[in-house]
Amino acid sequence: MKVWLIVFAIIFLVGCTETYTPKPRGFFRIDFPEKSYTSIADKYPYKFEVPDYSSIEKDYRNPNQSNWINIVVPNNKVEIHISYYDLKNQGKSSRESLIEFMEETRKLAYKHSIKADAIDEQIFMNPGHKVYGTIYKIQGNAASPMQFFLTDSTKHFLRGAFYIREVPDIDSLRPVINFIEPDIIRLIETTSWN
């Protein structure tokens, strides 16, 4: 019995000399490209600048809508859905169509309120290009961190929604959101009508 007690004491004294330090938590490193922009082609009724590291694809979910596009950043699994409506070709007055589309955009943004911590609305005005709208910044684990609409109030209505094709986990997606949000603001600020 004494032998076991002596062996246990020796093991205890020898085994406890190192201090334990936990390894720091590791995260994937995300390398982002340099920011540079190009104006999209004049084949749409709208014009704006997109990042050079993105590509423009037709919206395959809505093949009948020739002016609906997706701006895709494949390295970050980002899609910015752009839908466009001609307010004068909706079968009702431009004002009625405008009100309907503005309300639809608001409802679509606020659908994320279930998962969102907050939704901030910001008014946008560029009278020089006759572009007015609202930007919805959705904070928290929502599927879309930013949505917006732009209009000239008489003919054009453009809606945008920013999605990341990953499980919404704000802690790991925050670097991508912080990188892409200035690109969306640039898109909004450079929008004009053809």
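This report describes aromatic ring pairs and one charge over a ring in a predicted model. Local features need pLDDT of at least 70 and side-chain atom pairs count only at pLDDT 80 or more, while totals for chains, interfaces and linings use all residues. Residues are numbered from 1 along each chain as its sequence is written, and side-chain values use heavy atoms, with hydrogens and water left out.

A search of the whole structure gives 10 aromatic pairs, where rings of Phe, Tyr and Trp (its six-membered ring) pair if their centres lie within 6.5 Å, with planes under 30 degrees apart counted as stacked, over 60 as edge-to-face and the rest as tilted. Two of these pairs are set out below.

| Pair | Centre to centre | Angle between planes | Class |
|---|---|---|---|
| Trp68 and Tyr85 | 5.6 Å | 80° | edge-to-face |
| Tyr110 and Tyr136 | 6.2 Å | 85° | edge-to-face |

The pair of Trp68 and Tyr85 links distant parts of the chain, 17 residues apart, with Trp68 in the loop between β4 (55-58) and β5 (69-73) and Tyr85 in strand β6 (residues 78-86); helices (H or I, at least four residues) and strands (E, at least two) are DSSP runs, numbered from the N terminus. Both Trp68 and Tyr85 are buried, meaning under 20% relative accessible area, with exposed over 50% and partly exposed in between (1.4 Å probe, protein chains only). Ring pairs also join Trp68 and Tyr85 with Phe101, Phe149 and Phe157 in a cluster.

Tyr110 in helix α2 (residues 94-110) and Tyr136 in strand β8 (residues 131-140) are 26 residues apart, and their pair likewise links distant parts of the chain. Tyr110 counts as partly exposed because its relative accessibility is 29%, whereas Tyr136, at 3%, is buried.

Finally, Lys35 lies over the face of Phe179, at 3.7 Å from the ring centre, the criterion being NZ of Lys or CZ of Arg within 6 Å of the ring centre and within 35 degrees of the ring normal.
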